[in-house]
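Me: Could you pick one part of this model and take me through it slowly, piece by piece? I work at the bench, so please tell me what each term means as you go.

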Amino acid sequence: MTRLLFILFFTLPLFTACHNKTSQASGDNGAFAKAKSHSDGVNIDRISQSGELIIGTISGPDTYFDYQGRGMGLQYALAEDFANTLGVGVRVELATDSTELAKMLKKGDVDVIAYQLSSSFCQKQGITTAGAKNAKTGASWAILPDAKDLAEALNDWYGDGVEVKAQKTERTWLHNRTIVHRKVRAPFISREKGIISTYDAYFKAAARYTGWDWRLIAAQCYQESGFDPNATSWAGACGLMQIMPATAGQYGLPSTRLFSPEDNITTAARHIRHLQQQFANIADAEERAKFVLAAYNGGLGHIRDAQSLARKHGGNANNWSDVSYYVRNLSNAQYYRDPVVKYGYMIGNETYNYVISIMERWRQYGGNVHSLSSGRLPDDTPLTANSNERVTPHKRNRFSKAHKILSADEMEQLNQ
């Protein structure tokens, strides 16, 4: 008996140690298993390393839409808020319906469906709900069933006040989206001398580079900033031509030089020329200019969508009158959810009116179609002001309005 106790005394600790090693290796240890099941981090780590959360959603005013290069919509705002907790950005992949969203998720094309789906639909598709949830309907975002760490992160994030905060942010953005902080200059310095602004030399250099009439670029500049080089928009656009920092980066302009009049107009000219190339198949120069202006304001993707709709419905995809109808109606679900539409919902009336306003002001400035280039410009076209053209200090005159940009009709009345 004594000998048996002796054996047990020495062998039991060894057996326990071996058992603990086996348990730890297999993940059966209580504390270790709990930590792994809740903090495995496989999906979170992958998202963090990639630097972006990829969401799948369906375009719409309450879900997601692109507004002059910035994502908007409540579901996008919520996704952006969650992504901030991970320290990453958001990339959007659009689907045309819920079934396509589920396919995208199961293929691994997106991390999260940022579109509220019913629990019965999710169950049928073999995906699971997590994150933002509608308390009234029970519809929720969805993820893959094995993404437990992502589910935990989403459910920990989505609590009281999250949606209210996102809704408030969206309302503020929508209300202020067209606000540009600027001190509006006169629309004309001297009609008799043909001087529109103090930046005419830069407009003329930009015109040689783009093939446009310099007065058309001046009209666009006045629409954008009222000739205030320090103008800033709520969305972050800067300077005379309201260049977004991301656009400036594409053309090599550092943010420190965004408010330089010459650099700002030069960058706008490069962007205009790029857009000219996208619509090179439009033979009529004035028609092409309208498409370029629309893309400058509303985004190339949305204008391509409107062209696709015009083509589908028997219109002329190279005629602005035909295409502008669909630009205006891309705020209508009948059109922005059409299968030929890739970029979804847009506030098209703003872009439509933008084009009209600039073309009217251009004509008031004395512009006409004969002053537009009808062909492709050589690649070595210079983009510098002539030495005999200099920028002179701006002087306010009797047409100056500190708080209002004059319409073309108002300007004509003042100059009579």
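Reply: Happy to; here is a walk through one sheet, its strands and what packs on it.

The model is predicted, so to speak of a local feature requires pLDDT of at least 70, side-chain atom pairs count only at pLDDT 80 or more, and totals for chains, interfaces and linings use all residues. Residues are numbered from 1 along each chain as its sequence is written, and side-chain values use heavy atoms, with hydrogens and water left out.

Let's start with the layout. The sheet is open and has five strands, in the order β4-β1-β5-β7-β6, with mixed pairing. (Strands are DSSP runs of E with at least two residues, helices are runs of H or I with at least four, and both are numbered from the N terminus; two strands pair if DSSP finds at least two bridges between them.) At the edges stand β4, residues 89-94, and β6; each has a single partner strand, so one side of each is left without a neighbour in the sheet. On average, neighbouring strands of this sheet are turned by 35° against each other, direction ignored. (Axes are lines fitted to C-alpha atoms, for helices over the stretch in contact, and angles run from 0 to 180 degrees between N-to-C directions.)

Now for β7, which covers residues 140-143. In the strand order, β7 sits between β5 and β6. Toward β5 (residues 112-117), the two strands run antiparallel and are joined by two bridges. Here I113 stands opposite A142 of β7. Toward β6 (residues 128-133), the pairing is again in the antiparallel sense, over three bridges. On this flank K133 faces S140 of β7 as its opposite residue. β6 and β7 also make up a hairpin, with six residues between the two strands. One residue of that turn to look at is G138, which has a positive phi of about 80°.

Next come the helices. Helix α5, residues 98-107, lies across four strands, namely β1 (52-57), β4, β5 and β7. Its direction runs at about 150° to β5. Helix α7, residues 148-157, packs on the sheet as well and touches β5, β6 and β7, where touching means heavy atoms within 4.5 Å. The direction of α7 makes about 25° with that of β6. Both helices, then, are in contact with β5 and β7.

Finally, look at the aromatic rings. Rings of Phe, Tyr and Trp (its six-membered ring) pair if their centres lie within 6.5 Å; planes under 30 degrees apart count as stacked, over 60 as edge-to-face and the rest as tilted. By this rule there are 14 aromatic pairs. One of them belongs to this corner: the ring centres of W141 and W157 are 5.6 Å apart and the planes stand at 25°, so this pair is stacked. W141 is in strand β7 and W157 in helix α7, 16 residues apart, and the pair thereby links distant parts of the chain. That gives you, around β7, an antiparallel neighbour on the β5 flank, a hairpin partner in β6 and a tryptophan stacked against one from α7.
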